[in-house]
Each structure stands twice: as structure tokens, then as C-alpha cells.
Amino acid sequence: MEELKKPIGLRCTFCHSELFALPHENYAPLHGSLIVCANCGRENDVTSLIFVVKAKAMDIAEDYADKLMDKFQKDLKKAFKGS
């Protein structure tokens, strides 16, 4: 389950950089606000970036669940082999 603990950062929609120009440390932008990419200087909608991160997290979780189901099916076939 350690593979599920990898961080997923916000990425600029335009250049895919994870660096954003924040006005101060511990800045937490509100939904609907814009943050500026420190790499390309373009503005990104925070809400859209969060949706992308959530979708990526769901993809990772679904892949992991599929692997668990495959392993479970193989283990069941082994357990009942020859019955």
C-alpha cells in the first residue's frame, strides 16, 4: 500500500510546472481564485487544478483496486485448484 502514498502536486495547466508564485509562506488559495505559475507566468484556476489532482488520485486508486482484484482471483483459483 506504500505505492498509494506518493504525493500528487498541482501542475500548471499550460507548462506542467509544479512551481507557483505564492504571495507568502503558508498561503492557501481559495476555490475559484487564480494562482500564477512561477515558470511560465500564466494564471491557473485553483479549482480546476484541484479537480485534475482528484482525478489522478482516483485513477491511482482504481489501478490499485484492479491489481488487488486480480491477485485475489488468482489466489482463489490456487486455493480451489483440484477441488
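**Surface patches, salt bridges and cysteines**

Arg11 counts as partly exposed, at 42% relative accessibility. In this predicted model, the side chain of Arg11 meets that of Glu18 in a salt bridge, with an N to O distance of 3.1 Å. The partner, Glu18, is likewise partly exposed, with a relative accessibility of 44%. The structure holds two salt bridges, and the other one joins the side chains of Lys71 and Asp75 at 3.0 Å, again taken from N to O. Both of these residues belong to helix 1, where Lys71 and Asp75 stand four residues apart, about one turn of the helix. Lys71 has a relative accessibility of 49% and so falls in the partly exposed class; Asp75, at 34%, is partly exposed too.

Helix 1, which spans residues 46-79, also contributes to the surface patches. A patch of negative charge gathers Asp59, Glu62, Asp63, Asp66 and Asp70 on the surface. Of these residues, Asp59 may serve as an example: Asp59 lies in helix 1 and is partly exposed, at 46% relative accessibility. A second patch is nonpolar in character, and here Met69, Phe72, Leu76 and Phe80 together make a surface of about 430 Å². Met69 is placed in helix 1, and a relative accessible area of 48% makes Met69 partly exposed.

The cysteines invite a closer look. How many disulfides does a search of the whole structure find? The search finds zero. Cys15 and Cys37 show why: the cysteine sulfur closest to that of Cys15 belongs to Cys37, at 3.6 Å, which is too far for a bond. Seen from the other side, the sulfur of Cys37 has that of Cys15 as its closest cysteine sulfur, at 3.6 Å. A disulfide requires the two sulfur atoms to be within 2.5 Å, so the pair formed by Cys15 and Cys37, at 3.6 Å, does not qualify. The surroundings of these two residues can be described as well. Cys37 counts as buried, with a relative accessibility of 2%, whereas Cys15, at 26%, counts as partly exposed.

Note on methods:
Residues are numbered from 1 along each chain as its sequence is written. This is a predicted model: local features need pLDDT of at least 70, side-chain atom pairs count only at pLDDT 80 or more; totals for chains, interfaces and linings use all residues. Side-chain values use heavy atoms; hydrogens and water are left out. Patches are made of residues with over 30% relative accessible area and no salt bridge: like charges are joined within 9 Å, nonpolar side chains (Val, Leu, Ile, Met, Phe, Trp, Tyr) within 5 Å. Accessible areas come from the Shrake-Rupley method with a 1.4 Å probe; for residues, only the protein chains shown count as cover. A salt bridge is a side-chain nitrogen of Lys or Arg within 4 Å of a carboxyl oxygen of Asp or Glu. Lys and Arg count as positive and Asp and Glu as negative; His and the chain ends are not counted. The place of a charge is taken as NZ of Lys, CZ of Arg, CG of Asp or CD of Glu. Helices (H or I, at least four residues) and strands (E, at least two) are DSSP runs, numbered from the N terminus. Buried means under 20% relative accessible area, exposed over 50%, partly exposed in between (1.4 Å probe, protein chains only).
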